[in-house]
Amino acid sequence: MISGSTGSVGHALVQTARAAGASVIALVSSDEKASQAREAGPHFVINWQHGNVVEDVMALTEGKEADVAFDPVGGHLFSLLLASLRRMGQLISIGFTGGKEVSVNLLDIIGREKIVKGYALHSDTPEQDLNS
């Protein structure tokens with residue numbers, strides 16, 4: 001699962017995941033962006049403004065949920081991605097264009113043994129990113 005799939009990082013992630021053999025679900029915020037996201041080649045596109053992301057992911061994965069989520073957006077999408085992961089699934093946070101603050105149910109992480117990782121992609125130090 002990849003949020004922000006129409007941005008440069010998200011677009012590259014879709015193509016890389018697809019090339020690695022993953023079944024790719026791209027998350028977008030509009031029908032216009034859904035058309036743009038399809039150009040990168042994901043198997044599925046979910047417009048998170050319509051419907052229920054968790055239910056949509058469950059349907060697309062035949063109840064298995066997602067193995068990995070890459071999130072360059074953050075904000076409220078972080079929680080949706082986390083809730084869409086399988087037990088022992090990994091959420092990799094690589095940005096916060098949608099906001100730095102998130103609401104997380106720790107039971108979802110601890111109880112389902114999910115893994116959350118954060119990476120800074122565009123500066124020398126994390127402090128530069130967090131203070132900009």
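This passage looks at three places in a predicted model: the surroundings of Ala-34, those of Ser-84, and a surface patch that includes Tyr-119.

A good starting point is Ala-34, which sits in helix H2, a stretch running over residues 31-38. The relative accessible area of Ala-34 is 7%; since buried means under 20%, this residue counts as buried. Once its neighbours within four places in sequence are set aside, Ala-34 is found in contact with Val-28 and Val-45. Ser-5 offers a further point of reference: although 29 residues separate Ser-5 and Ala-34 along the chain, their C-alpha atoms are 8.9 Å apart.

The next stop is Ser-84, which belongs to a loop rather than a helix, with helix H4 (76-83) on one side and strand E4 (85-93) on the other. Ser-84 is buried as well, because its relative accessibility is 2%, and the limit for that label is under 20%. Which residues does Ser-84 touch, not counting those up to four places away in sequence? The list consists of Met-1, Val-53, Val-54, Val-57, Glu-65 and Ala-66.

The last site is on the surface. Here Tyr-119 joins Val-9 and Leu-121 in a nonpolar patch, and the three together have about 280 Å² of accessible area. Tyr-119 itself is placed in the loop that links strand E5 (115-118) to helix H6 (126-131). Is Tyr-119 buried or partly exposed? With a relative accessible area of 47%, Tyr-119 is partly exposed, because that label covers values between the 20% limit for buried and the 50% limit for exposed.

Note on methods: Residues numbered from 1 in each chain as written. Predicted model: local features only at pLDDT ≥ 70, side-chain atom pairs only at ≥ 80, totals over all residues. Heavy atoms only, no water. Helix = DSSP H or I, 4+ residues; strand = E, 2+ residues; numbered from the N terminus. Buried < 20%, exposed > 50% of the residue type's maximum accessible area, 1.4 Å probe, protein only. Contact = heavy atoms within 4.5 Å. Patch = residues over 30% accessible without salt bridge, like charges linked within 9 Å, V, L, I, M, F, W, Y side chains within 5 Å. Areas by Shrake-Rupley, 256 points an atom, 1.4 Å probe, with all protein chains shown as cover. Salt bridge = Lys/Arg side-chain N within 4 Å of Asp/Glu carboxyl O.
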